[in-house]
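I opened this one to get a feel for the fold, then to look up a pocket and a couple of residues. My notes follow in the order I ended up working.

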Amino acid sequence: MLLLVSCSGGQAGDTGREGASTHWKEGGGAGEAAAFMKVRVPEGATEVKGAVRVNPREDEYILSFRTDGDTAARVAEDLRSEEPPAPWGVVSAQEPELFGHLGLPEPKTLEDALWAGVCPPCVKDHRRRDVAWMEIYVEDLGAGRARVYLRAF
């Protein structure tokens with residue numbers, strides 16, 4: 001027997017924020033996501049896309065672009081993760097689907113995508129003191145090109 005218990009006592013869809021619900025912010029795009037993450041979209045990057053998902057606890061910012069492989073590696077290095085990007089091997093059904101909103105596949109579903117994550121305050125990255133968590137996926141597109149996926153909250 002499966003028993004589900006709710007602690008909120010609220011209506012379905014109730015978020016805990018007065019009048020708030022999880023939704024995509026109208027007009028929240030790549031510029032706002034890059035500004036929150038303190039990431040410069042590389043000059044010459046193409047297919048630059050971003051969005052802001054308003055959540056009850058903390059908003060999520062996503063950003064994606066295509067660039068050359070060396071530049072993608074520098075963007076990943078700039079996160080200052082204690083570990084270099086490595087193959088992503090864990091799939092969690094509890095992770096929200098975010099990049100589909102931008103018309104992109106979810107990076108966690110890509111074979112051979114490299115992943116790195118970091119808590120900026122934990123590594124004393126004062127540029128990103130308002131960011132609790134950041135992660136990057138780098139997809140090798142061949143011919144020296146890569147797609148970068150960034151997520152932060």
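Before the pocket entry I need the term: a pocket here is an open set of grid points where a 1.4 Å probe fits, with protein on both sides within 12 Å along at least five of seven lines, and lining residues have an atom within 4 Å of a point. I also keep in mind that this is a predicted model.

**Pocket**

I went to the second largest pocket and got a volume of about 230 Å³. Its lining comes to 14 residues, and A73, A76, P85, L114 and V138 lie nearest the centre. Which elements supply at least two lining residues each? I noted α2 (69-78), β5 (114-118) and β6 (134-142). By type, I have the lining down as seven nonpolar residues, six charged and one polar.

**A86**

Next I looked up A86, which sits in strand β4, residues 86-87. Buried or exposed? Neither label fits: A86 has a relative accessible area of 33%, so I list it as partly exposed, the cut-offs being under 20% for buried and over 50% for exposed. Setting aside neighbours within four places in sequence, I found A86 in contact with A113, L114 and W115. L114 is a name I already had from the pocket, as one of the residues nearest its centre. I also checked A86 against Y137: they are 51 residues apart along the chain, and their C-alpha atoms are separated by 9.2 Å.

**R128**

R128 turned up in the loop between β5 and β6. I checked how much of R128 is accessible and got a relative area of 1%, so this arginine counts as buried. What does R128 touch, not counting residues up to four places away in sequence? My list reads M37, K38, V39, D78, L79, P120, P121 and M134. Two of those names tie back to the pocket entry by position, since D78 falls in the 69-78 range of α2 and M134 in the 134-142 range of β6.

**Whole chain**

I finished by zooming out. The chain has two helices and seven strands, and from the N terminus I read them off as β-α-β-β-α-β-β-β-β. Of its 153 residues, 40% count as buried. For contacts with a separation of 6 or more, I noted that 61% are between residues 24 or more positions apart. Last entry: the accessible surface is about 9,400 Å², with 51% of that belonging to carbon and sulfur atoms.

Key
Residues numbered from 1 in each chain as written. Predicted model: local features only at pLDDT ≥ 70, side-chain atom pairs only at ≥ 80, totals over all residues. Heavy atoms only, no water. Helix = DSSP H or I, 4+ residues; strand = E, 2+ residues; numbered from the N terminus. Buried < 20%, exposed > 50% of the residue type's maximum accessible area, 1.4 Å probe, protein only. Contact = heavy atoms within 4.5 Å. Areas by Shrake-Rupley, 256 points an atom, 1.4 Å probe, with all protein chains shown as cover. 1 Å grid on protein atoms, 1.4 Å probe; cavity = no way out; pocket = protein on both sides within 12 Å on 5 of 7 lines; lining within 4 Å. Points joined across faces, edges and corners; volume = space filled by probe spheres on them. Nonpolar A, V, L, I, M, F, W, Y, C, P; charged D, E, K, R; others polar.
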